[in-house]
Amino acid sequence: MPQMNLAEALIDGLIWSLRADPRATIIGRGIAGHGPEHAAEDRLKQEFGSRIIDPPTSEAAVAQLGTGAAMAGARPFVHYGTAVFAYEAWNQFINEAANIHYMSNGQLSAPVTFHLFHGIRGGGGPQHSGSPYAMYANNPGLEIVLPTSPRDAKGLMRSAMASNNPTIVIQNAKLLGLTEDVPAEDYYIPFGKADVKRAGKDVSVIACSRSVIDALEAAAILENEDVSVEVIDIRTLAPLDVDTIIASVEKTGRMVAVDETYEICGVASELIASVVTRAFSALKSQPVRVARPMTPVPFSPPLEAAVNPGTQKIVEACRRVCLR
Amino acid sequence: MTKPSHTERLELFRRMLHMRRFEEMVIRLAQSHEYTGRQHLHIGHEATGAAVAMAMRDGDKIHTTHRNHGYVIACGADPGRAFAEIMGRRDGLNGGKGGSWHLCDATRGFQSTSAMVGGSIALAAGAAFALKLAKSGNISFAHFGDGTLDEGVAYEALNIASIYELPVLFVCENNSKAGQRPSSMLAAARLQDVPAALQIHCELVDGADSDAAQIVFQNAADRVRTTGRPVFVEATLERWPGSHQVKADFPTGVTDISLALNLDKVEGKHADWIKRSDPLLRATRALIEDGVSDLVGLLELDAKVNKLMEESRSFAEASPFPDVSVAFTGVFAS
């Protein structure tokens, strides 16, 4: 089985998608980012150069181009680079793409994939560190996919490109270099299936995107303290696999929800709400939320680290829920 | 096309008449039912809408704004299902989920009607992109008002259509007002200065002149098909005095096409609009003067259309409200 970093796995998933469907087309460049992994994109350009367009800096119209093309039979993949750029396309994501299937009573659909890099990436400052997926999740009609591992990234990308709905594939920019064995063949990972990344018995840490990696580090630290941590990667925020989350909490009786979006109306809040409203009696202690505090992301490295819900905060949260 | 044939002119007139009588029935429905929607009536724009619809071929796509009723009807959608949708009924074109703002009929290439100013123009560019990728030979149509050019996304969409040579016909209905204020506030002297600066071929037409509109839109669509490049047509229109999204009324009266031969007798506050800007009366007069038809023939057609609209109204009124359970279904495609 070949080794791939996450950028290579994403590109591999896209290449399989373009091979499988002549309607698939790419709008955007820099799909593998602009860091050390950027060369992963070369394979895509070599095999499918004629099916890639490099659009002008017109985020709103490009979103609409992809949406309108999808409604007329194409399968566009639209790359935005930094997720905050897509704030310019808010109306197009939320009010056009997400609504069209419902408001046409199923006459039309918009099978477009939007691809974004989110999160604290080191020096992004207030305007380039945004993680907008909780805001997207606050609207019906969008599928939201958060790949964490290379293996997941490839299979989830295949499912995104095959989906008949507008799908946002959004990943933390710092994860592109993560490397593991990835099957060379074509495969899909279905939406709405959370993955138990590490089994444990004392506390369930429910996380997504970069927070999954931080949670796995925290679990390794806590193992030395005889605390057994189960780490669940939700993988898709919409649809959300609540059953797997509840099964884990019923087993451990304790819950920590971790995510990079803001703590108010954020993903961690939703994860806790979905457990408390369905399985309150399974909880032996009050759940804890580890999320980004309500402040813009500052530039200076120690300040930036202070607002990031990283490994150490997860360790502390797990200790708290286990003490109670 | 240098001059439309008698058959083509009559067909355009037939569609215009359907559009006008449809909207008049919408006013009556609004007056006699307490429904919650608003209406953005297409009265006064019929020559433009019908000419655009006649320039469409099977497989073409059109995106409009929420001033959409006329286009939906001109494209051949069932008026009964359109009335039902406006009233939020089960048998509506969109099952009651869209309402007046979002009527669509995908079987006729009539894609969404976006109620966001600037929505249709870029979606239609997207449709053109898909049609071009599929090497279909089809084109797309973008209908929008002059206010759309105030939006940044319009500039972006025009630019993208030009640089990627997308086969899209931009149809700008310039009625110069949004609500009761000017609908576009452009520093450019003319609307078409904007697309022209982006290397898009532009045409200007009197949007209330059915013959001129038919020629210009047919030729513009042919040009898009032949060159594969976008074309921008500005249709100048005078806003109908009754155009108001919540007050449904007939300030210019229920249309009487026989008035076309007696325009000098028209008096009152809105006489100017009736005499000069009503495309249906202008078309009626032109058809009779040119010997394409006579008043008796046109009145017979009118009676048929009125009967159809009455039947369509009955269909819509008989349609129940949707079962509440459907509010929760159809968010995602399977």
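**Reading sheets, helices and a chain contact**

Author: Just after helix H9 of chain A, residue A:Gly253 takes a positive phi of about 80°. This is a predicted model, and we can begin with the helix that comes before that glycine.

Reader: How should I read the burial of a helix, and which residues of H9(A) are buried?

Author: The general idea is that an α-helix has 3.6 residues a turn, so residues three or four places apart point the same way. In helix H9 of chain A, residues 242–252, the buried residues are A:Ile245, A:Ser248, A:Val249 and A:Thr252. Seen down the axis of H9(A), these buried residues fall within an arc of 95°, so they line one face of the helix.

Reader: What covers the buried residues of H9(A)?

Author: The cover includes three strands of chain A, namely S10, S11 and S13, together with helix H10 of chain A.

Reader: Those strands must be read as a sheet, I suppose; in what order do the five strands of the open sheet in chain A stand?

Author: The order is S9-S11-S10-S13-S14, and the pairing in this open sheet of chain A is mixed. At the edges stand strand S9 (195–198) and strand S14 (288–292) of chain A, and because each has a single partner strand, one side of each is left without a neighbour in the sheet. From one strand to the next, the twist averages 25°.

Reader: How many bridges join S9(A) to S11(A)?

Author: Three bridges join S9(A) to strand S11 of chain A, residues 229–233, and the two strands run antiparallel. As an example of a bridge partner, A:Asp195 is matched in S11(A) by A:Asp233.

Reader: Which helix packs on the sheet and touches S9 of chain A?

Author: Helix H8 of chain A, residues 210–223, packs on the sheet and touches S9, S10 (203–207), S11 and S13 (255–262) of chain A, and its direction makes about 170° with that of S11(A). Helix H10 of chain A, residues 267–279, lies across S10, S13 and S14 of chain A and runs at about 150° to S13(A).

Reader: Is strand S4 of chain A mostly covered or mostly open?

Author: A general point about strands helps first: in a regular strand the side chains alternate between the two faces of the sheet. Strand S4 of chain A, residues 75–82, is mostly covered, with seven of its eight residues buried. Strand S2 of chain A, residues 24–27, pairs with S4(A) in the parallel sense over four bridges, and the bridge partner of A:Ala24 in S4(A) is A:Arg75. Five bridges join S4(A) to strand S5 of chain A, residues 113–118, and these two also run parallel; in S5(A), the bridge partner of A:Gly81 is A:Leu116.

Reader: How do I read two helices that cross, and at what angle do H2(B) and H8(B) do so?

Author: One looks at the distance between the axes, the angle and the hand. The axes of helix H2 (residues 46–55) and helix H8 (residues 210–227) of chain B come within 8 Å and cross at roughly 35°, and the crossing is right-handed. Among the residues making the contact are B:Ala51 and B:Val52 of H2(B) and B:Phe217 of H8(B). By class, this contact has eight nonpolar, four polar and no charged residues.

Reader: How many residues of chain B are in contact with chain A?

Author: 38 residues of chain B are in contact with 34 residues of chain A. On the side of chain B that touches chain A, the largest share, eleven residues, comes from H5(B), and the residues of that side divide into 21 nonpolar, 14 polar and three charged.

Key:
Residues are numbered from 1 along each chain as its sequence is written. Chains are lettered from A and ligands numbered from 1 in the order in which they are written. This is a predicted model: local features need pLDDT of at least 70, side-chain atom pairs count only at pLDDT 80 or more; totals for chains, interfaces and linings use all residues. Two residues are in contact if their C-beta atoms, placed from the backbone, lie within 7 Å. Ala, Val, Leu, Ile, Met, Phe, Trp, Tyr, Cys and Pro count as nonpolar, Asp, Glu, Lys and Arg as charged, and the others, Gly among them, as polar. Two strands pair if DSSP finds at least two bridges between them. Axes are lines fitted to C-alpha atoms, for helices over the stretch in contact, and angles run from 0 to 180 degrees between N-to-C directions. A residue is buried if 20 or more other C-beta atoms lie within 10 Å of its own, exposed if 12 or fewer, and partly exposed in between; C-beta atoms are placed from the backbone. The arc is that of the directions from the helix axis to the C-beta atoms. A crossing is left-handed if the near helix is turned anticlockwise from the far one by less than a right angle, and right-handed if clockwise.
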